[in-house]
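Colleague: I should like to go through this model feature by feature. Please give the general idea each time, and then the case at hand.

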Amino acid sequence: MQGRGLGQSLKVEERRNLLHKIIKGAVFGLPLLGIGLTINSSVIMTDAGYSYVHQNNITGELDVFTEPGIHFRMPFLSKLTKYDQVITVSFGNNAGEDFYQRLDAVQVRFADTYIGEIPVTYRFKLSNDPEAMKKMHKEFRNNSNLIDALLVKNARNVTVITATQYTGEEFFQGGLNQFKSKLGDQLREGIYLTERRQVEVEQLDLAPVGANQANANQLQRTNQLVWKTVPVVDNTGQPIRQDNPLQQYGIQVTQVTIGDPQPEKQLDQLLADKKRLVADRIRAIQEQETSKAQAETEQLRKEIQRTREVQDAQRKKELAIIAQQKEVEVARQIAEREIVEVEKTKRLAEVEKEKELAIAEANLAIQKANALSAEFEAKAILEKGRAEAEVLNAKYAALGANHEVYLAELNRDVANALYKNLKNFKVQMPQNYIGGSDASGLHTNLDVITGFGALGLMDQTKKITQTQERKK
């Protein structure tokens with residue numbers, strides 16, 4: 001009994017100590033916890049890619065933070081709302097990035113009453129302007145309301161309105177890119193003010209197939225009247241727009257992406273039938289073109305064969321003509337060569353005769369010159385002889401008066417001359433002789449001059465003969 005009482009006393013004591021510790025910890029821990037909570041509630045840590053709207057519940061003021069960092073606020077008496085700076089809204093595109101909205105594809109009705117589903121994705125960028133952010137926060141209060149009430153509904157509305165501006169066939173037969181361009185333009189700048197009007201649509205189609213039609217494989221333009229929603233334009237031709245609900249909040253549309261649109265069953269069947277008809281038409285055209293090409297090929301082959309035969313015959317004819325022309329040319333060249341040879345011989349003979357004539361004329365001129373020279377020389381000799389005769393007469397007259405003295409001097413000179421030249425004495429016979437009997441002798445001065453002229457002419461002839469022999 002005493003042991004049991006002692007154990008109970010120890011447990012009571014332990015409980016008291018534990019209680020004291022808890023009270024002591026609460027006394028010191030609660031203030032620290034309060035301080036920590038106060039500090040945590042008074043600091044805002046913002047991240048990149050988000051915009052924050054801080055509301056002071058005491059003053060009612062709103063602050064906007066768009067950059068990452070640390071900011072201070074009123075602890076426990078303020079509210080912080082977080083918005084995504086870039087928001088992606090997807091209609092029907094459920095693959096890829098983690099979209100904020102995964103909605104069904106937008107169902108639209110085209111101008112020709114056909115229905116289609118268009119998967120489209122939009123990317124929106126919120127404004128960094130604090131006033132625009134405050135206005136947006138006051139109207140939508142949080143990020144989810146902004147997406148559901150503004151972005152999703154506006155994007156769906158613009159998509160549906162833009163689709164009414166196209167026919168189903170126009171959209172699915174090449175109008176998708178233009179549709180995307182108009183859709184983005186109306187999201188950024190505002191929806192067109194439109195009216196429903198019957199318009200003429202121009203289409204491209206293959207020409208009807210015909211057996212005698214040469215351009216059956218060409219496209220032709222056809223016109224069709226349809227009811228369409230047409231934008232209303234102003235005086236400058238620019239479309240009149242309605243107010244853009246995104247513009248007042250500074251929200252920008254940065255990207256519009258369209259997936260694979262799906263037509264309704266009737267439109268799909270119409271497009272498939274038209275595609276099949278076009279394929280059948282193309283096949284028929286191809287068969288016609290193939291038959292036509294085969295016929296043209298066969299005709300071309302015959303033309304080639306005929307052309308080859310004509311060319312062979314023409315070539316043989318040309319070869320025969322060339323051979324005849326070659327023979328004629330050879331004969332002509334032989335004749336021309338013979339003519340040249342005859343002309344050459346004739347010319348050589350003429351040159352030789354001209355040379356002989358020139359030599360004769362030169363000899364005649366020389367002889368004439370020699371005769372004139374001899375005549376003038378004879379005259380000079382005659383005059384000289386007359387002068388010498390007069391001098392000699394005067395001399396002889398003087399010597400006649402002193403003939404003895406003259407004879408003595410003459411004998412002396414002759415003796416001196418004979419004495420000096422006796423060893424070199426040489427007797428040479430004259431080459432020419434002019435003389436004769438008394439009846440044929442030189443009786444007058446004219447006979448003497450004529451004889452001297454003949455001697456000079458003979459001497460000149462001898463010199464010319466020697467010169468010709470030396471040249472030979």
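Colleague: Which residues line the second largest pocket?

Modeller: This is a predicted model, in which local features need pLDDT of at least 70, side-chain atom pairs count only at pLDDT 80 or more, and totals for chains, interfaces and linings use all residues. Residues are numbered from 1 along each chain as its sequence is written, and side-chain values use heavy atoms, with hydrogens and water left out. On a 1 Å grid over the protein atoms alone, a pocket is an open set of points where a 1.4 Å probe fits, with protein on both sides within 12 Å along at least five of seven lines; lining residues have an atom within 4 Å of a point. Here the lining consists of Lys-355, Ile-359, Ala-362, Asn-363, Ile-366, Ile-464, Thr-467, Gln-468 and Lys-471. Two elements, α6 (265-401) and α8 (445-471), each give two or more residues to this lining, and α6 gives the most, with 5 residues.

Colleague: What is the volume of the second largest pocket?

Modeller: The volume is about 240 Å³, taken as the space filled by probe spheres set on the grid points.

Colleague: How should helix α3 be read, and what span does it reach?

Modeller: Helices are DSSP runs (H or I, at least four residues), numbered from the N terminus. The expected span is 1.5 Å times one less than the number of residues. Helix α3 (residues 143-163) has 21 residues and reaches 29 Å from first to last C-alpha, close to the expected 30 Å.

Colleague: Where is the kink in α3 centred?

Modeller: A bend is the angle between axes fitted to the seven residues ending at a residue and the seven starting there. In α3 the kink is about 25° and is centred on Leu-151. Leu-151 is also among the buried residues of α3, where buried means under 20% relative accessible area and exposed over 50% (1.4 Å probe, protein chains only).

Colleague: What precedes α3, and is Arg-141 buried or exposed?

Modeller: Arg-141 is in the loop between α2 (130-140) and α3. Its phi is positive, about 70°, although it is not a glycine. Arg-141 counts as exposed because its relative accessibility is 52%.

Colleague: Which backbone oxygen lies 2.9 Å from a side-chain polar atom of Asn-244?

Modeller: That of Arg-188. Asn-244 sits in the loop between β12 (219-231) and β13 (252-258), and Asn-244 is buried, with a relative accessible area of 9%.

Key:
A polar contact is a pair of N or O atoms within 3.5 Å; within protein, one must be able to donate a hydrogen and the other to accept it, and residues adjacent in sequence count only if both atoms are side-chain atoms.
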